[in-house]
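Subject: Handover of a structure, with notes

Hello,

I am passing a structure on to you, and my notes on it follow below. Please keep it open while you read.

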Amino acid sequence: MLTAPDPESHVYDKPPAHANADWTIDQNWSAYSAEEHATWDTLFARQREMLPGRAAQAFLDGVDILHLSKPGIPDFGELNQILMDATGWQVVAVPGLVPDDVFFEHLANRRFVSGNFIRRPDQLDYLQEPDIFHDVFGHVPMLADQRFADYMEAYGRGGLRALKFGTLKQLARLYWYTVEFGLIQEPEGLRIYGAGIVSSFGESVFALDSDSPNRIMFDLERVLRTEYRIDDFQQNYFVIPSLDELLRVTVETDFKPVYEKIAEMPDIAIADIVKGDVVLTRGTQQHPSAQSDK
Ligand code: PHE
Ligand code: FE
């Protein structure tokens with residue numbers, strides 16, 4: 001039975017004995033218990049109900065392409081056959097959090113790292129570290145989209161550069177506000193595509209329906225300067241006009257001069273609205289823990 005170990009034990013400075021040199025491990029799919037498969041099914045069923053009219057078209061398409069409605073925890077072997085054909089990406093299992101350079105190296109080679117454990121039945125709503133439901137249901141559908149697939153590979157290469165420049169803190173904000181908590185404008189209205197939103201029962205509603213958070217049009221420099229919170233729903237979401245545009249602006253921009261420019265500028269506090277922002281919704285910031293921030 002694979003259960004989530006103590007978070008501390010997920011922090012290693014070298015690959016643990018059972019892992020390969022690149023930190024990957026076997027998913028060991030046959031070791032999941034019936035209860036663990038049932039946890040996946042419960043989580044899947046409630047998210048799937050939430051997503052029509054909320055999730056981005058690319059995400060909904062990905063769920064279909066990858067047959068994620070098949071009951072039980074996905075077998076990476078099966079999943080990868082479809083994903084490889086779609087965009088050349090693979091999902092690989094790792095024992096927990098991996099070092100930044102390892103993470104970026106995998107992304108740059110079109111490998112998405114995923115924890116292989118699933119949360120316990122008493123942790124359906126809140127989890128400190130990403131489990132297989134967040135990693136696979138949240139992240140992998142978007143990887144079946146060619147534009148997002150290219151973006152993630154480019155991000156991996158950008159991460160290796162940022163490590164050299166000492167600008168990981170800034171680049172990580174881009175990941176946070178797109179890959180994890182991104183919103184997108186679609187003809188019918190705003191939609192969610194960030195993995196942290198689509199895999200969350202509460203935030204998949206809050207991100208679109210609540211009048212508490214700000215919703216601001218995506219601007220690369222602005223995002224790289226903006227702090228974020230990891231302990232509650234976001235106070236601020238950035239909205240991309242399209243996946244084509246996200247890919248275009250990030251790939252065409254050499255970040256080096258941007259990092260140099262913003263090094264001279266202050267960071268932007270989580271819920272602040274600044275000059276130049278194209279604000280779609282100015283939030284009330286009434287959500288409970290937004291208050292403590294003021
Ligand atoms: N163009 C970025 C750079 O010069 C790399 C990058 C691409 C980063 C896509 C994020 C997303 O570093
Ligand atoms: Fe994630």
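Helices and strands here are DSSP runs, with at least four residues for a helix and at least two for a strand, and they are numbered from the N terminus. Counted in that way, the chain has 12 helices and seven strands. Please keep in mind that this is a predicted model.

Overall shape

The chain has a radius of gyration of 19 Å, and the globule rule gives a value close to that, 19 Å, for 294 residues, so the chain is as compact as a globular protein of that length. Taken along the principal axes, the box filled by its C-alpha atoms is roughly 55 × 40 × 40 Å. Of the 294 residues, 39% are buried. As for contacts between residues at least 6 apart in sequence, 69% of them join residues at least 24 apart.

Helix α6 and its two partners

Two packed helices are described by the angle between their axes and the distance between the axes. I looked at two such pairs, and α6 takes part in each.

How do α6 and α11 pack? Helix α6 covers residues 146–165 and helix α11 covers residues 243–252; their axes are 9 Å apart and meet at an angle of about 25 degrees. Angles under 35 degrees count as roughly parallel, so α6 is roughly parallel to α11. The crossing of these helices, α6 and α11, is left-handed. On the α6 side the contact is made by R147, F148, D150, Y151 and A154, and on the α11 side by L243, D244, L246, L247, T250 and V251. Sorted by type, the residues of this contact between α6 and α11 are seven nonpolar, one polar and three charged.

The other pair is α6 with helix α7, which spans residues 168–180; here the angle is about 160 degrees and the axes are 9 Å apart. An angle over 145 degrees counts as roughly antiparallel, so α6 is roughly antiparallel to α7. From α6, the residues Y155, G158, G159, A162 and L163 meet L168, L171 and Y175 of α7. The contact of α6 with α7 divides into six nonpolar residues, two polar and no charged.

Three residues and their surroundings

Next come some single positions. P213 sits in the loop between α9 (203–209) and β5 (214–217). Is P213 buried or exposed? P213 has 27 C-beta neighbours inside 10 Å and 20 or more are required, so P213 counts as buried. Setting aside neighbours within four places in sequence, P213 is in contact with Q234, Q235, N236, Y237 and G283. P213 and R282 are 69 residues apart along the chain, while their C-alpha atoms are separated by 7.1 Å.

E203 belongs to helix α9. E203 has 21 C-beta neighbours inside 10 Å and therefore counts as buried. Not counting residues up to four places away in sequence, E203 touches G196, I197 and F233. E203 and R215 are 12 residues apart in sequence, and the distance between their C-alpha atoms is 14 Å.

I268 is placed in the loop between α12 (255–262) and β7 (279–281). With 19 C-beta neighbours inside 10 Å, I268 counts as partly exposed. I268 touches R225, T226, E227 and V274, again not counting residues up to four places away in sequence. From I268 to R222 the C-alpha distance is 8.0 Å, and the two are 46 residues apart in sequence.

Positive phi angles

Which phi value does N28 have? Phi of N28 is near 60 degrees, which is a positive value in a residue other than glycine. N28 is in the segment before α1 (34–50). There are 11 other C-beta atoms within 10 Å of N28, so N28 is exposed.

H67 also has a positive phi, near 55 degrees, and is likewise a residue other than glycine. H67 lies in the loop between α2 (57–65) and α3 (76–87). H67 has 11 C-beta neighbours inside 10 Å and so counts as exposed.

Regards

Methods
Residues numbered from 1 in each chain as written. Chains lettered and ligands numbered in written order. Predicted model: local features only at pLDDT ≥ 70, side-chain atom pairs only at ≥ 80, totals over all residues. Rg over C-alpha atoms; globule rule 2.2 N^0.38 Å. Buried ≥ 20, exposed ≤ 12 C-beta atoms within 10 Å, placed from the backbone. Contact = placed C-beta atoms within 7 Å. Axes fitted to C-alpha atoms, helices over the stretch in contact; angles between N-to-C directions. Parallel < 35°, antiparallel > 145°, perpendicular 65-115°, else oblique. Left-handed = near helix turned anticlockwise from the far one by under 90°. Nonpolar A, V, L, I, M, F, W, Y, C, P; charged D, E, K, R; others polar.
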